[in-house]
There are 2 protein chains.
Amino acid sequence: MKTTVSECPIEEAMVLLSGRWPTLLLYYLKNGTKRFGDLQRDNPTISHRMLALELRKLEGAGVVKRTAFAGYPSHVEYTLTAAGQRVLPLIDAIGAWWIDTRASTEA
Amino acid sequence: MKTTVSECPIEEAMVLLSGRWPTLLLYYLKNGTKRFGDLQRDNPTISHRMLALELRKLEGAGVVKRTAFAGYPSHVEYTLTAAGQRVLPLIDAIGAWWIDTRASTEA
DNA sequence: CCGTATCCATGATGATACTG
DNA sequence: CAGTATCATCATGGATACGG
C-alpha cells in the first residue's frame, strides 16, 4: 500500500537524490548553466522523458533553477541554486567514504 | 537496456544507499547489535523479503557485519562495521542540508 | 528464527510522436 | 528546442510458502 510519507528529512533527501540521475545532473551543473539539450548530450543514456522528469523533481525541491527564454525554438537554462551548491560537497564526502570503504573491504 | 556499470564512486555509493531502507537500517543499527527479528519489528512496513535483501546488500558492501549462531531456532546478529559507522555522520549532513533547504525553499 | 524461491501486482522507464 | 502524453515493457517489491 506504499506506506509513504516519511517525515524523516534523511529519508526525504535520500529519496530525492536516489537513483542514477540526480547526482549526475548536479555534477554536470556544477560548472554553471546548462541547457536542456546540453544535459542530454552530457548524459547520452538518459531518455528525453526521464531528463525532463528528473529536472522537474530537482526544480521542485529547490535544488536547481529553471529559466525559460521566450522565442522559437524555445530555450531553457538550468542552474544550481545555493542549496544545490551546498549539497555537492556532501555528495563528494559520500563518494570519498565509498572509495575508502571499497578499498578496505577489498574486492 | 539498463546501461549499468558506473565506475563512479558517487554513483555506486548512491545506488547502495538509495531507496527507503538502507539509511533507516543503518540508523537502527546505530546503537549496537540487532537481530533480524529486531529490525523487522523496528521497521514494521518492510517485508521479510526486502529486509533480507537489503541486509545482504549492505553486508556485501562491507557496511554491516552478519554473525550467525548455531542452534535451532537460528539466531543471527547484525552490527555496523567501522565503515558503516563512518557513513552515519555523512548521512546526517545530508539530512541537515535538506532540513535547511526545505525551510528556505518554503512549502 | 532466519533465509530463499515463487508468483503476481504495481511502478518506473524507454520509445515514439505530437505541440508550442 | 523543450515539454508532454501515450503505450509497451521490464524491474521492483509484497505476499506466501517452504527449508534449514
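# Exercises on a predicted protein–DNA model

In this predicted model, a base nitrogen of DNA strand C lies 2.6 Å from an N or O atom in the side chain of B:His48. The exercises begin with the DNA and then turn to the two protein chains.

**Exercise 1.** Find which parts of DNA strand C are approached by B:Phe36 and by B:Arg49.

*Solution.*
1. For B:Phe36, a backbone N or O atom is 3.4 Å from a phosphate oxygen of DNA strand C.
2. For B:Arg49, an N or O atom of the side chain is 3.3 Å from a base oxygen of the strand.
3. B:Phe36 thus approaches a phosphate, and B:Arg49 a base.

**Exercise 2.** Describe the protein surface near DNA strand C.

*Solution.*
1. There are 17 residues around the strand, and A:Arg49, A:Met50, B:His48, B:Arg66 and B:Ser74 come nearest.
2. On the DNA side, 54% of the atoms of strand C that come within 4 Å of the protein belong to sugar and phosphate.
3. Two or more residues each come from α4 (48–60) of chain A and from α3 (36–42), α4 (48–60) and β3 (75–80) of chain B.
4. The most, four residues, are given by α4(B).
5. By residue class, the surface has seven nonpolar, five polar and five charged residues.

**Exercise 3.** Work out how chain B is related to chain A.

*Solution.*
1. Two copies of a chain are related by a rotation about an axis and a shift along it.
2. Here, a turn of 180° and a shift of 0.1 Å along the axis lay chain B on chain A with an RMSD of 0.1 Å.
3. This is the relation of a two-fold axis.
4. Within chain B, the residue closest to the rotation axis is B:Ser18, whose C-alpha is at 2.4 Å.
5. Because 100% of the interface residues of chain B are also interface residues in chain A, the copies meet through the same surface.

**Exercise 4.** Determine how helix α5 of chain A lies against helix α5 of chain B.

*Solution.*
1. Both helices span residues 82–105; their axes come within 10 Å and cross at roughly 170°.
2. An angle over 145 degrees counts as roughly antiparallel, so α5(A) is roughly antiparallel to α5(B).
3. Among the residues of α5(A) in this contact are A:Ala83, A:Leu90, A:Trp97 and A:Asp100. Those of α5(B) include B:Arg86, B:Val87, B:Ile94 and B:Thr101.
4. The residues of the contact divide into twelve nonpolar, two polar and four charged.

Terms used
Residues are numbered from 1 along each chain as its sequence is written. Chains are lettered from A and ligands numbered from 1 in the order in which they are written. This is a predicted model: local features need pLDDT of at least 70, side-chain atom pairs count only at pLDDT 80 or more; totals for chains, interfaces and linings use all residues. Side-chain values use heavy atoms; hydrogens and water are left out. Copies are superposed by least squares on the C-alpha atoms of residues with pLDDT of at least 70 in both. Contact means heavy atoms within 4.5 Å. Axes are lines fitted to C-alpha atoms, for helices over the stretch in contact, and angles run from 0 to 180 degrees between N-to-C directions. Angles under 35 degrees count as roughly parallel, over 145 as roughly antiparallel, 65 to 115 as roughly perpendicular and the rest as oblique. Ala, Val, Leu, Ile, Met, Phe, Trp, Tyr, Cys and Pro count as nonpolar, Asp, Glu, Lys and Arg as charged, and the others, Gly among them, as polar. A residue is near a molecule or strand if one of its heavy atoms lies within 4 Å of it. A polar contact is a pair of N or O atoms within 3.5 Å; within protein, one must be able to donate a hydrogen and the other to accept it, and residues adjacent in sequence count only if both atoms are side-chain atoms.
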